[in-house]
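Let's take a walk through this structure together, one piece at a time. Keep the 3D view open and turn it as you read.

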Amino acid sequence: MQSAAAIEAVFRRERARVLATTIRVTNGDFDLAEEAVQDAFAAALARWPSEGTPDEPRGWLVSVARNKAIDVIRRRIKLREIVAAEPQTDQGSATALVAVPDDRLRLMYTCCHPALATEAQIALTLRTLGGLTTEEIARAFLTSPVTMAQRLVRAKSKIKEARIPYEVPEASQLPERTDAVMAVVYLIFNEGYAATAGDAWFRRDLCREAIRLGRLVAELTGDPEAHGLVALMLLHDARRDARTDDRGDLVLLEDQDRTRWDRTQIDEALAVVPIALRGGSGPYSLQAAIAALHASAARAGETDWPQIAALFDELVRRQPTPIVALNRAVAIAMSQGPEAGLALVEQLAGELADYHLWHAAKADLLRRLGRHREAATAYRAALARVGSEPERRFLERRLAEVLV
Amino acid sequence: MQYLLLIYDTEKAGATRPEAERNKLFADYMTFTNDIKASGHFKAGDALQPTHTATTVRIRDGKTSTTDGPFAETREQLGGYYLIEAKDLDEATKIAARIPSAKLGSIEVRPVMTYPS
């Protein structure tokens, strides 16, 4: 006897894989595949409680979904000659189909195809691989369910009408396309992690979902950078509870109560970082290594800043963006003193003049050098550009400190 | 599956291109066209006269109006097209990237609508 809750748990676990294989049967028609998978689930709810759970629930679900999809195709466009090649199996005795290929990887590459807009890639990935509802995705990204639904419809229709291939890209394109997949996963994570706007519960869920997707990419591609990405997300996420105080105000890394960090998650990440770095030190792996050094310091004062600065040197070589350079400058300030850091920060004035954290970093270094009047000017400049409320409150506190 | 590859480029750049470069571009187009004919992807393709030869026709309130020039003033103008047969978008974009003008302007890849027979 199977309870509906237990069946639902099986379904949640297997949905992405079943869907991925069904999309292959429907030849890239996402809507038809989703419908068929939903039907298969309904069939499971109706039959498993009395007939018992099949030995291969995934195989059963795939087989039923596949037959439902083929039925619809048969009826819809009467492609009898194509369908005739597919032997029709009895929906009940689906156990014959045991080996279900893992099609989640091709689903991932299709959802993150560069011909789709980034927002569409994110929504589609969360909807199909993550299994979030359209309402949940809309809530997480602060848009209306109608807008989100339209975005998904348009993306699915482009896949179908422009015939975006449903396959793992060829070797020559693989690194670039895997980068796109990882970028989507990290965007999902940051959406859940960085902003404090919106529904807190969904934001946390979004981070979990990103980590789950990241694990999937790492597992299916074996790409060391994907392992690095997973470690990086685990390490950031481990600090979540210590990042804000009871009033929801921001707590800086150096002031965080490190006993509130999630040790289990940190330990898991620390084991992954060496594997990631062995793969050639890509940007995610390097960032994970930096986060690992922070996580390994029992007290802020014990942080290995020279090592962190060295990792930033490498990161800036691979990812020469002003934001990375700013972070490097801060690490150098910590290892060589605020003066050295300030000189590097000043060099970025042209590129980052509109970025509130550039002004905040500059203000912080001036404050530490005792140049309070200049620090106050920089804090005010940061405040004029800041977006989120907790960050604003933090900067106002700091401004008040230097004005004393 | 058929795709229309629309070739956009700035006409001004084309008009002021030195002769040697123009000849080279023409030769590159010849090579490309022959290549996709040989590979079986080619269905049709033409270069268009510049936009100053264009006329736009529209009917509003039952009245036909004919005006000089293209429908929209854009930074890049439609200068030619290829109609190709490709198995999916990846193959189509790969072919589009081989069009000589891809290095100068941009190529819009549009799937051709198919109707269920």
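## Chain B: helices and strands

In this predicted model, chain B is built from three helices and six strands. If you start at the N terminus and follow the chain, the elements come in the order β-α-α-β-β-β-β-α-β. The C-alpha trace of chain B spans about 50 × 45 × 20 Å along its principal axes.

How much of chain B is buried? Of its 117 residues, 16% are buried. Now look at contacts in chain B with a separation of 6 or more: 76% of them join residues 24 or more positions apart.

## A loop residue in chain B

Find B:Asp61, which sits in the loop between β3 (55–60) and β4 (63–68) of chain B. Its phi is near 50 degrees, which is a positive value in a residue other than glycine. Is B:Asp61 buried or exposed? It has 5 other C-beta atoms within 10 Å, and 12 or fewer counts as exposed, so B:Asp61 is exposed.

## Chain A: helices and no strands

Over in chain A, you'll find 20 helices and zero strands. Its C-alpha trace spans about 80 × 45 × 40 Å along the principal axes. Chain A has 404 residues, and 41% of them are buried. For contacts in chain A with a separation of 6 or more, 61% come from residues 24 or more positions apart.

## Helix α9 and its buried residues

Helix α9 of chain A covers residues 174–193, which is 20 residues. How far apart should its ends be? At 1.5 Å a residue, the helix should span 28 Å, and the end C-alpha atoms are indeed 28 Å apart, so the two values agree.

Plenty of names turn up when you list the buried residues of α9(A). Among them are A:Ala180, A:Val181, A:Met182, A:Tyr186, A:Ile188 and A:Phe189. The list also includes A:Thr178 and A:Glu191.

## Two helices side by side

Next, go to helix α15 (residues 322–336) and helix α16 (residues 338–347), both in chain A. They pack at an angle of about 165 degrees, and their axes are 6 Å apart. An angle over 145 degrees counts as roughly antiparallel, so that is how α15(A) runs relative to α16(A). The crossing of α15(A) past α16(A) is right-handed.

Which residues meet here? From α15(A) come A:Leu326, A:Ala329, A:Val330, A:Ile332, A:Ala333 and A:Gln336. On the α16(A) side they meet A:Pro338, A:Ala340, A:Gly341, A:Leu342, A:Leu344 and A:Val345. Sorted by class, the residues of this contact are 10 nonpolar, two polar and no charged.

## Two loop residues in chain A

A:Ser281 lies in the loop between α12 (263–278) and α13 (283–296) of chain A. Although A:Ser281 isn't a glycine, it has a positive phi of about 55 degrees. There are 19 other C-beta atoms within 10 Å of A:Ser281, and being buried takes 20 or more, so A:Ser281 counts as partly exposed.

A:Tyr355 is in another loop, between α17 (349–352) and α18 (356–368) of chain A. With 16 C-beta neighbours inside 10 Å, A:Tyr355 is also partly exposed. From C-alpha to C-alpha, A:Tyr355 and A:Arg204 are 26 Å apart in space, with their positions 151 residues apart in sequence counted as a separation.

## Where the chains touch

Last stop: the contact between the chains. It takes seven residues from chain A and six residues from chain B. On the chain A side, five residues are nonpolar, none are polar and two are charged.

Definitions and conventions:
Residues numbered from 1 in each chain as written. Chains lettered and ligands numbered in written order. Predicted model: local features only at pLDDT ≥ 70, side-chain atom pairs only at ≥ 80, totals over all residues. Contact = placed C-beta atoms within 7 Å. Nonpolar A, V, L, I, M, F, W, Y, C, P; charged D, E, K, R; others polar. Axes fitted to C-alpha atoms, helices over the stretch in contact; angles between N-to-C directions. Helix = DSSP H or I, 4+ residues; strand = E, 2+ residues; numbered from the N terminus. Parallel < 35°, antiparallel > 145°, perpendicular 65-115°, else oblique. Left-handed = near helix turned anticlockwise from the far one by under 90°. Expected span 1.5 Å × (residues − 1).
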